Structure formats: structure tokens, C-alpha cells
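This briefing covers helix packing, a sheet and a loop residue. The structure is shown first, and the notes follow by topic.

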Amino acid sequence: MPRLRLATTTPGEPEIFHSLQGEGISIGRPSVFVRLSGCNLACNWCDTPYTWYFEGSNAAHRSSARFIRRDNSIALSVENVAERIARFGCDHIIFTGGEPLLQQAALADVCALLGANRHIEIESNGTVLLDDRLAPHVDQLNLSPKLAHSGNAEHARINIEALQGLAQDPRAWFKFVVASPDDVTELDLLAERLGLPPARIILMGEGTTPDALNARAIWLAPLCVARGYRFTDRLHIHLYGDTRGT
């Protein structure tokens with residue numbers, strides 16, 4: 001059996017925790033979160049840089065402090081991961097990151113070990129398609145394609161072939177992180193290109209403090225109403241702050 005590379009809450013302790021889903025279509029739902037380590041993008045405002053912004057990285061992030069890989073990443077057997085998830089007795093499971101779809105083979109094995117009657121969500125940046133082994137286990141895709149303000153080059157953050165395939169999947173919801181009204185104009189064009197109906201689009205203000213989120217909600221909420229998009233807050237930031245394992 002392969003191993004899964006996970007983020008950590010403290011050195012040596014994987015970030016697998018029981019909390020409330022903080023954003024998106026399942027907001028407020030009790031869930032077990034499994035945060036994986038590693039990402040194929042480098043968003044300059046990423047709120048989990050400890051999953052990819054390691055010493056030696058040439059990427060840019062608003063925090064200049066890079067993380068020590070061995071203290072912030074751990075590899076566990078899929079059996080170990082499945083056992084840790086099962087301990088919580090919760091049937092709603094969210095694999096997040098980083099970018100979980102970079103580890104699909106191991107994720108498929110974890111899901112198989114967990115068995116049926118689980119609701120599995122995958123949180124992804126939309127650059128990678130589901131493979132045939134993992135796809136049957138997935139109930140919901142929370143996709144967050146990145147816009148220009150993320151700092152990633154367009155060719156890295158926008159995989160049109162993958163997004164067009166994902167747009168045809170009825171399990172997929174598209175959540176865009178926005179920092180200014182100009183970002184909404186940009187995503188309007190992308191949504192039109194992909195043929196995404198407004199009802200499957202969710203907008204979320206960028207921010208890691210309640211004040212920042214509330215300030216953006218003032219102008220973001222009316223834009224959602226005008227365009228027919230859904231709005232999501234970041235519940236976990238209001239409840240727990242920007243902390244690991246919450």
C-alpha cells in the first residue's frame with residue numbers, strides 16, 4: 001500500500017481533525033478534515049503555506065518565512081490514515097491541502113479502506129482531473145480555480161482541459177477567492193468560457209481575519225446578488241482564527 005504525505009499540526013502529528021466545514025456549499029457541516037502536503041501552485045496569499053512553502057522554494061508569498069519540510073510534512077501508510085479518520089466516528093470527510101489530487105492513488109486506497117456510507121469531499125485548485133480509481137469514491141468536488149491576483153502564471157493556474165471536464169461533473173462546485181471587484185470581472189469571463197451556470201459558482205473574500213473578511217463582504221455580497229452567484233464566508237476564521245487543525 002502506498003503512503004500519503006500529510007501536513008502537520010505540530011512536528012510529527014498529522015493534520016487530521018474534526019471540525020465544522022468553514023466555507024463553500026457544505027459550510028457548517030461537522031466533518032473530518034485530512035490536510036495533505038504539497039501543491040502544484042504557489043498563491044502569494046495562501047493561508048496554508050506550510051503545506052508547500054518550504055526552505056529552498058523560489059516562489060513568492062506575502063510571508064517571507066519559509067517552513068522546514070521535515071517539521072511540517074509527514075508520510076503515513078494509508079492504513080494509518082484510514083484508522084485515524086475512523087476514530088472520529090464521522091461519515092463526512094474532506095481531503096484538502098495543498099493539492100490533494102496530486103496523491104490520487106493513495107487517496108483511493110484510503111477511501112476504499114474507509115468503506116461505503118461515507119460522504120467524501122475533495123478540495124482542489126481545478127488543475128487536475130479525477131482519475132478512474134478515485135472518482136467512484138468522491139461525492140463532492142470543491143474546486144477553487146485561481147485568478148491573476150494569486151500570483152501564479154496563467155498557464156499554471158488555468159488548465160482549460162481539466163476545468164472543462166470538471167465543469168461537466170455534477171459533483172463540482174466552483175469557489176473563487178476574490179480580493180477586489182476586478183477579480184469578479186475576471187472570473188465572469190472564465191465562467192462564460194467554461195459555460196458555468198451562476199448557481200454553481202461561489203464567491204469568497206480573501207482574508208485571514210474577521211475584519212478583512214467583513215470589509216470585503218460589504219462589496220462582495222451585492223455583486224453576488226446582482227450576478228446570481230452564491231456567497232460564502234469563512235466560518236472557521238470567525239470561530240477559531242487562522243490556526244491549524246481547526
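In this predicted model, Val78, Glu79, Val81, Ala82, Ile85 and Ala86 of α2 are in contact with Ala106, Asp109, Val110, Leu113 and Leu114 of α3. By residue class, the contact of α2 with α3 consists of nine nonpolar and two charged residues, with no polar ones. The points below give the geometry of this pair, then a sheet, a second helix pair and a loop residue.

**Helices α2 and α3**

- The axes of α2 and helix α3 (residues 104–114) lie 9 Å apart and make an angle of about 50°.
- The two helices are therefore oblique to each other.
- α2 and α3 cross in the right-handed sense.

**The sheet and its helix**

- Strands β2, β1 and β5 form an open sheet in the order β2-β1-β5, with antiparallel pairing.
- The edges are β2 (13–14) and β5 (73–77), each of which pairs on one side only.
- Five bridges join β5 to strand β1 (residues 3–10), and this pairing is antiparallel.
- Opposite Ser73 of β5 stands Ala7.
- Helix α2 (residues 78–86) packs on this sheet and touches β1, β2 and β5.
- The direction of α2 makes about 95° with the direction of β5.
- α2 thus has contacts with the sheet and with α3.

**Helices α6 and α7**

- Helix α6 (residues 181–194) packs with helix α7 (residues 210–227) at an angle of about 25°, and their axes are 10 Å apart.
- Angles under 35 degrees count as roughly parallel, so α6 and α7 are roughly parallel to each other.
- The crossing of α6 with α7 is right-handed.
- On the α6 side the contact is made by Pro181, Val184 and Asp188, and on the α7 side by Trp219, Leu220, Leu223 and Arg227.
- Five of these contact residues are nonpolar and two are charged, while none is polar.

**Loop residue Ser180**

- Ser180 sits in the loop between β9 (172–178) and α6.
- Is Ser180 buried, partly exposed or exposed? Its relative accessible area is 23%, which makes Ser180 partly exposed, because the buried class ends at 20% and the exposed class starts over 50%.
- Along the chain, Ser180 and Gly98 are 82 residues apart, and their C-alpha atoms are separated by 24 Å.

Key: Residues numbered from 1 in each chain as written. Predicted model: local features only at pLDDT ≥ 70, side-chain atom pairs only at ≥ 80, totals over all residues. Heavy atoms only, no water. Axes fitted to C-alpha atoms, helices over the stretch in contact; angles between N-to-C directions. Helix = DSSP H or I, 4+ residues; strand = E, 2+ residues; numbered from the N terminus. Parallel < 35°, antiparallel > 145°, perpendicular 65-115°, else oblique. Left-handed = near helix turned anticlockwise from the far one by under 90°. Contact = heavy atoms within 4.5 Å. Nonpolar A, V, L, I, M, F, W, Y, C, P; charged D, E, K, R; others polar. Pairing = 2+ DSSP bridges. Buried < 20%, exposed > 50% of the residue type's maximum accessible area, 1.4 Å probe, protein only.
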